[in-house]
Amino acid sequence: MYYKFSGFTQKLTGTWASDAYSPQGLKPVVSTEAPPIIFATPTKLSSDFTAYDYAGKNKVPELQKLFQKSDGVPIHLKRGLPDQMLYRTTMALTVGGTIYCLIALYMASQPKNK
């Protein structure tokens with residue numbers, strides 16, 4: 001990749017080889033190299049797609065039933081043990097981080113002994 005200095009952002013920016021080697025923005029009249037192809041693969045028409053392009057099972061209806069069931073469980077714990085473990089770990093880290101910050105603030109507020 002080639003780089004040049006941008007006078008607008010005052011940083012190095014990515015550029016083409018012709019821009020990088022022409023000082024102060026002076027460009028040759030005729031381009032010396034062909035631009036690269038951005039989309040090398042041909043695009044598909046919408047008529048080329050079939051309903052069977054995706055081989056996986058659609059889980060959305062099952063998940064909708066699970067999350068919309070009114071069983072008194074909060075939405076972030078509906079999927080069982082993995083959600084409970086993630087929730088408890090998050091709460092433990094939050095409480096631990098709060099305690100750590102309070103201890104650090106207490107220690108920083110105490111004068112040092114000479």
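UniProt positions follow the numbering used here, and its annotations may be inferred rather than shown by experiment. With that in mind, the record, an unreviewed entry, places the feature "transmembrane region" at residues 85–108. We will come back to this stretch after a walk along the chain. Please keep in mind throughout that this is a predicted model.

Let's start with the overall layout. The protein chain has 3 helices and 2 strands, and from the N terminus on they come in the order β-β-α-α-α. Of its 114 residues, 7% count as buried. The contacts tell you something about the fold too: among those between residues at least 6 apart in sequence, 0% join residues at least 24 apart. The accessible surface comes to about 11,100 Å², and carbon and sulfur atoms account for 64% of that area.

Now look at the N-terminal end, where the two strands sit. Strand β1 covers residues 2–5 and strand β2 covers residues 12–15; the two run antiparallel and are joined by 4 bridges. You can follow the pairing residue by residue: Tyr2 has Thr15 in β2 as its bridge partner, while Phe5 stands opposite Leu12. Together β1 and β2 make a hairpin, with 6 residues between the strands. If you check backbone torsions, stop at Gln10 in the turn, which has a positive phi of about 60 degrees.

From here, move on to helix α3, which spans residues 81–109. Here we meet the annotated stretch again: residues 85–108, the "transmembrane region" of the UniProt record, are 100% helix and 0% strand in this model. The C-alpha atoms at the two ends of that span lie 34 Å apart.

What forms the nonpolar patch on the surface? Its members are Val95, Ile99, Ile103, Tyr106 and Met107, and together they have about 540 Å² of accessible area. Take Ile103, a residue of helix α3, as an example. Is Ile103 buried, exposed or partly exposed? Its relative accessible area is 45%. Buried means under 20% and exposed means over 50%, so a residue in between is partly exposed. Ile103 therefore counts as partly exposed. Patch members need over 30% relative accessible area, and the 45% of Ile103 fits with its place in the patch.

Conventions
Residues numbered from 1 in each chain as written. Predicted model: local features only at pLDDT ≥ 70, side-chain atom pairs only at ≥ 80, totals over all residues. Heavy atoms only, no water. Buried < 20%, exposed > 50% of the residue type's maximum accessible area, 1.4 Å probe, protein only. Contact = heavy atoms within 4.5 Å. Areas by Shrake-Rupley, 256 points an atom, 1.4 Å probe, with all protein chains shown as cover. Patch = residues over 30% accessible without salt bridge, like charges linked within 9 Å, V, L, I, M, F, W, Y side chains within 5 Å. Salt bridge = Lys/Arg side-chain N within 4 Å of Asp/Glu carboxyl O. Pairing = 2+ DSSP bridges.
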